[in-house]
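Please examine the sequence and the structure shown below before reading on. The paragraphs that follow lead through selected parts of the model, one region at a time.

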Amino acid sequence: MRKVKVLNSKKIYVWSSFIMAALLVLLAIGTLFDQKVSEILYFRDNAFGKIYESIGKMPAFVIAVFACFTLGEGAAKTERKQAKRYFFYICGYLAGILAFIDFGEMLFSSTAIALAIGAVLSVPLSVIAYFTIRKAKAEELALLKKWALVALFSVAVIGVAVFLLKTIWGRARYVDTQAGDAAFSPWYKLVRVDGDSFPSGHAAFGGTLFLLLPLCGIFDQFRGREKAIFSVAALFVAVVMIARITDGHHYLSDVTVGFGLAFVVELVVMTIAYGKKMDRIQFNAENKLERLLN
């Protein structure tokens, strides 16, 4: 029996408790002072906001690319027919296109050109993903396949949840209230105007960086890097949250709930997948490799 350390359960729950406590404080501040916070941080058409608008969602789609190529490589090892393999490769390439759409729209303000840029940039990203996964050993690939399923399921749940909440709430953005096109409404009231401010999709998708944590138990180069990954992910999301307020597209409560939603989904899915303590993945090469790959 080979035991691979994934993440110290005590540490992850301690760190997570700090994150959740901070989010509750931010939500309380947003509940009371959403307008005031936006008035202080809002800077019309600022470069900082545009840059992070273009890359805020990128982590979720880049992770989806690697997850899809992982499943494609897993299928290649076990399936005689290659249809399943190429299906996942195509899905990975399409996810790569989505990763660069916001970046393309920032540069050219055109959806058609943004799609073309995404189609081009997704090629090298897909190539990197393909050869990275190809280098994985059989045992690593089996563990990566489980991670890929966890990652794709988490991203899908987060995306659907954000879409549904935006549709239900219909909250107007701060820039719309400034332009006089809508009135301010607190996040806890369902006004249902023609808006999609609550919650923030950028903060939610940016938070998917925490899905990299299980890799600490798969690759030697990630081992012992849990704290670094956690810190970088938290810092990235914090910057995205601030950026989305500075460009007037979201309130503090929007970004807080968006990130909080993603963080809770990821924590729950990883706990279910790796156990309540999340201390170890038990992997027996002789008995479990074939079952995990099939």
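Is S109 buried or exposed? With a relative accessible area of 69%, S109 is exposed. The structure in view is a predicted model, and S109 is a useful place at which to enter it. The residue is found in the loop between α4 and α5. Its backbone is also worth attention: S109 is not a glycine, yet it has a positive phi of about 55°.

A comparable description applies to D45, which lies in the loop between α1 (residues 9–41) and α2. D45 is likewise not a glycine, and its phi is positive, at about 50°. Its relative accessibility is 61%, and the cut-off for an exposed residue is over 50%, so D45 counts as exposed.

Another backbone feature belongs to the loop between α7 (residues 174–178) and α8, where P199 lies. The peptide bond that leads from F198 to P199 is cis, and its omega is near -10°.

From the loops, the account turns to the packing of helices. Helix α2 comprises residues 47–55 and helix α9 comprises residues 226–246; their axes are 8 Å apart, and the angle between the two is about 125°. What does this angle make of the pair? Helices α2 and α9 are oblique to each other, because an angle of about 125° is neither over 145 degrees, as roughly antiparallel would require, nor within the range of 65 to 115 for roughly perpendicular. The crossing in which α2 passes α9 is left-handed. On the side of α2, the residues that take part are F48, G49, Y52, E53 and I55, and they meet F236, V239, V240, I242, A243, R244 and T246 of α9. Sorted by class, the residues of this contact comprise eight nonpolar, two polar and two charged.

A second pair is formed by α6 and α10. Their axes come within 10 Å and cross at roughly 150°. Helix α6 is therefore roughly antiparallel to α10, and the crossing of these two helices is right-handed. In α6, the participants include W147, V150, F153 and I158, while those in α10 include L261, A262, V265 and E266. The contact of α6 with α10 has 15 nonpolar residues, together with one polar and two charged.

Where do nonpolar residues gather in the interior? In soluble globular proteins, nonpolar side chains tend to be buried together. The largest nonpolar core of this model has 40 residues, and L144, W147, I158 and I218 are the members that touch the most others. At least two residues of this core come from each of α3 (58–78), α4 (83–108), α5 (111–134), α6 (138–169), α8 (201–206) and α10 (252–274). Helix α6 gives the most, with 10 residues. The surroundings of I158 can be followed in detail: apart from neighbours within four places in sequence, I158 is in contact with A204, F205, T208, A262, V265 and E266. There is also a second, separate core of 23 residues, among them L23, A203, L209 and F236. F236 has appeared before, as one of the α9 residues that meet α2.

The last residue to consider is L107, found in helix α4. Its relative accessibility of 46% means that L107 counts as partly exposed. L107 and S54 are 53 residues apart along the chain, and their C-alpha atoms are separated by 9.2 Å.

Technical notes: Residues are numbered from 1 along each chain as its sequence is written. This is a predicted model: local features need pLDDT of at least 70, side-chain atom pairs count only at pLDDT 80 or more; totals for chains, interfaces and linings use all residues. Side-chain values use heavy atoms; hydrogens and water are left out. Axes are lines fitted to C-alpha atoms, for helices over the stretch in contact, and angles run from 0 to 180 degrees between N-to-C directions. Helices (H or I, at least four residues) and strands (E, at least two) are DSSP runs, numbered from the N terminus. Angles under 35 degrees count as roughly parallel, over 145 as roughly antiparallel, 65 to 115 as roughly perpendicular and the rest as oblique. A crossing is left-handed if the near helix is turned anticlockwise from the far one by less than a right angle, and right-handed if clockwise. Contact means heavy atoms within 4.5 Å. Ala, Val, Leu, Ile, Met, Phe, Trp, Tyr, Cys and Pro count as nonpolar, Asp, Glu, Lys and Arg as charged, and the others, Gly among them, as polar. A nonpolar core is a set of buried Ala, Val, Leu, Ile, Met, Phe, Trp, Tyr and Cys residues joined through side-chain atoms within 4.5 Å. Buried means under 20% relative accessible area, exposed over 50%, partly exposed in between (1.4 Å probe, protein chains only).
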